[in-house]
Amino acid sequence: ERIAAEEAIKNYSEELKETNAAKDKFFSIISHDLKSPFQGLLGFSSVLKDEYENLSDDEIKKFTNHIQTTTQNLYSLLQTLLQWSRIQTGKIEFRPSTCNLSEDVSYAISLLQGMAEGKKINLVNNVNTNVSVYADTNMINSIFLNLITNAIKFTMPGGSITIAAEQSFGKVKVIVADTGIGIKKEYQEQVFTLFQR
């Protein structure tokens, strides 16, 4: 009986460690996803504040439009992340549906446009508008945000990032290609390892 109790405690301890690791990873993803749109928002507002007297009416209108769009998208992103947090805690079910992949890419690009413009990086959506996938939209959005944010981070100023998709045998392969520094060969196998940075 004592051995069984010790084994149960050991198993519970391992589960607790895994849960804590998942929680830490989740908070890391949330901070990662929120940081980029805020950088864009801060960039646009800084230009307006510092250069207001030197900007034309058209330029001011352009910046305020960017701020409004980024703010709306940021709110939408917060809603998505909150919903995803409920998924992680088991309070909401995984709900796949038919998603338009081009629209999901456009949404991610709209959130990260300010960050890309700060480095003069061109974001290109080459996903055909008729490409659909059966997936959870919130998760798809989070994946795109992470991949594109990392591409921006490691692409030199003046570079470009292209998102494309290939359909074959009922599956869709998504490509996020950048003109950045790439990943060293010895690290490539670790890319999809759980909790691996």
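## Exercises on a three-stranded sheet

Helix 3 (residues 101-118) lies across strand 2, strand 4 and strand 5. The model is predicted.

**Exercise 1.** State at what angle helix 3 runs to strand 2, and which strands helix 4 touches.

*Solution.* Start with helix 3. Helix 3 runs at about 175° to strand 2. Turn to helix 4, residues 137-153, which packs on the sheet. Helix 4 touches strand 2, strand 4 and strand 5. The direction of helix 4 makes about 140° with that of strand 4.

**Exercise 2.** Give the strand order of the sheet and name its edge strands.

*Solution.* The sheet is open and has 3 strands. Their order is 2-4-5, with mixed pairing. Next, find the edges. Strand 2 (122-125) and strand 5 (171-178) each pair on one side only. These two are the edge strands. Finally, the twist: neighbouring strands are turned by 15° against each other on average, direction ignored.

**Exercise 3.** Describe how strand 4 pairs with strand 5, and find the partners of Ile163 and Ala165.

*Solution.* Strand 4 covers residues 160-168. Its pairing with strand 5 is antiparallel, over 8 bridges. Now take the residues in turn. Ile163 has Val176 in strand 5 as its bridge partner. Ala165 stands opposite Val174, also in strand 5.

**Exercise 4.** Characterise the link between strand 4 and strand 5.

*Solution.* The two strands form a hairpin. Between them sit 2 residues. Check the turn's backbone: Phe169 has a positive phi of about 50°.

Technical notes
Residues numbered from 1 in each chain as written. Predicted model: local features only at pLDDT ≥ 70, side-chain atom pairs only at ≥ 80, totals over all residues. Heavy atoms only, no water. Pairing = 2+ DSSP bridges. Helix = DSSP H or I, 4+ residues; strand = E, 2+ residues; numbered from the N terminus. Axes fitted to C-alpha atoms, helices over the stretch in contact; angles between N-to-C directions. Contact = heavy atoms within 4.5 Å.
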